[in-house]
Amino acid sequence: MPINARLRDALPLPGGNALVNGFAYESRAGGARRALLRNGHELEVFDLDGLFAGERAPEAVFPLPWPGWDGGVHSMSPDGSFAVFSGQRAVRAVGAGGETLWEYRHGCWGPELGHRHSGDEQEVCRGSEHGSCRVSDDGRLVWAHVMTGERDDWRECWVVLDAGDGRELARLPLDSVTSGSHHVSHPDGIHMGLSIGMGQDGILLYWARWDGERLTSWDLNETMDRILIDVHPGHAGFLTVDHYGADLELHALDGDVLAVAEPEEDEFGDRPQWDYGCGFVDADTVIASVPDEDEFPLLAGHRLLDARTMEERGRLSYPAGTSATGPVLPLGDGTWLTYDGATGTLNRWSAQSGTT
């Protein structure tokens, strides 16, 4: 059944594609929703609700710490007083005035075994491998995926740092050889998720919590090869997509599968893949998309699913003359974002009343 999409807002936003096709969006449980966009040698932070209300100036601007380094997934504190950057050889906290607050040094993400650094010790080395970091929703902790050790003794770890001074509070050794990673903080304010991509070698997924004395973690990789996609306050668990897009799964927090959605087959019995851009439109609705318009022209597009059974409700129909293809970013409040690269426009949508 077709479901009509209603255009709620549209605004020009250079670089906004990183919101729907990257990790530039950061939301807080019961708090701010922000766009963290690179602009030259700076990270511009926008309040997303403010943008749609007409405020075009960034909420904060931070200098990027390492010239030439364009990797890592960064984070901003809930109160906006500092940002934390995931670098090639360090995690660095930077104040609102651009000053360095602290730095946690770690091994180099550069891929050459035994490679030597020369010149400036923060010189960027070859390769695109990177980690990620995330400030906790209470602003007290920084979770970071880092490389530890030297030369032939390198190992990846997940560390918990004191957000005030960068002290390491806990460390979890990992069995990953990463291409990149991202964090997802659970809206319960307690649990943090880490999704690690290893290219053709698969995906690793972890959840953990820090109670002030002990780090408790869940390794969900024995039976999984899945990307951590989204969480919502209306669900105790989380949403994942298969490494190759074969299906979407709703999980309990311990990893148990609660519901599964596979893309619809075409007339020849072939099944497309889900795109990685998907998630909770609200507590009752998940949005997902089939991206391949060339191979599956009749099936490509966005669909709404029941968020508890994962059964398909219908395919979205967008107004004539609008461009709404490719990845989506659901905001959890009944709306979702798409980006029109041809015009540099960020569009916000909802399902039109009476069509669901």
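The following exchange covers two sheets in a predicted model.

Mentor: Residues are numbered from 1 along each chain as its sequence is written. Local features need pLDDT of at least 70, side-chain atom pairs count only at pLDDT 80 or more, totals for chains, interfaces and linings use all residues, and side-chain values use heavy atoms, with hydrogens and water left out.

Trainee: In what order do β2, β3, β4 and β5 form their open sheet?
Mentor: Strands are DSSP runs (E, at least two residues), numbered from the N terminus. Two of them pair if DSSP finds at least two bridges between them. Here the pairing is antiparallel, and the order is β2-β3-β4-β5.

Trainee: Which strands are the edge strands there, pairing on one side only?
Mentor: An edge strand in this sheet pairs on one side only. That description fits β2 (25-27) and β5 (60-63).

Trainee: Which residue of β4 does Arg38 stand opposite?
Mentor: Strand β3 spans residues 33-39 and runs antiparallel to β4, residues 42-47, with six bridges joining them. Opposite Arg38, in β4, stands Leu43.

Trainee: Why is one side of β10 and of β13 left without a neighbour in the sheet?
Mentor: The open sheet has the order β10-β11-β12-β13, with antiparallel pairing. β10 (132-135) and β13 (168-173) stand at its edges, so one side of each lacks a neighbour, as each has a single partner strand.

Trainee: How many bridges join β11 to β12, and which residue in β12 stands opposite His145?
Mentor: Strand β11 covers residues 141-148 and β12 covers residues 155-162; they run antiparallel, and the bridges joining them number eight. Opposite His145, in β12, is Trp158.

Technical notes
Helices (H or I, at least four residues) and strands (E, at least two) are DSSP runs, numbered from the N terminus.
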